[in-house]
Amino acid sequence: MLLVNAYESYLASDYADFNNTGSKAEAGSIVAALFLRRSIPKSSKWLHVDMAGMMTSQETGYYAKSATGFGVRLLADFTEHVSKD
């Protein structure tokens, strides 16, 4: 997820150090990534992956024809694969 600094102001708060949600109804996933960046040490390597939710389907199995969350499975499978070395 790209970190677009122009949206930093969306985290501004009158009551706290910063909001945990954007103050406007736009750039939600970018603002979420900017929020996470504030909580992670600058020396850390990290990645924000924003994935759509799953939907109900009558199909079953690993390759069902619907919004199955395959991206989550793909990321988990990849992580498992590279961790074997």
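**Salt bridges and aromatic pairs around helix α1**

R38 has a relative accessible area of 36% and is therefore partly exposed (buried is under 20% relative accessible area, exposed over 50%, partly exposed in between, with a 1.4 Å probe and protein chains only). The model is predicted, with local features needing pLDDT of at least 70 and side-chain atom pairs pLDDT 80 or more, while totals for chains, interfaces and linings use all residues. Residues are numbered from 1 along each chain as its sequence is written, and side-chain values use heavy atoms, leaving out hydrogens and water.

Two salt bridges are found in the whole structure (a side-chain nitrogen of Lys or Arg within 4 Å of a carboxyl oxygen of Asp or Glu). One joins E8 to R37, at 2.7 Å from N to O. Because E8 lies in the segment before α1 and R37 in helix α1, this pair ties together parts 29 residues apart in sequence. The other joins E8 to R38 at 2.5 Å, N to O, a link across 30 residues. E8, R37 and R38 thus belong to a network of salt bridges.

R38 also lies over the face of F18, 4.7 Å from the ring centre (for a charge over a ring, NZ of Lys or CZ of Arg is within 6 Å of the ring centre and within 35 degrees of the ring normal).

The search also gives two aromatic pairs (ring centres of Phe, Tyr or Trp, the last by its six-membered ring, within 6.5 Å; planes under 30 degrees apart are stacked, over 60 edge-to-face, the rest tilted). Y7 and Y10 pair edge-to-face, at 5.2 Å between centres and 70° between planes. Y10 is buried at 8% relative accessibility.

Note on methods: Helix = DSSP H or I, 4+ residues; strand = E, 2+ residues; numbered from the N terminus.
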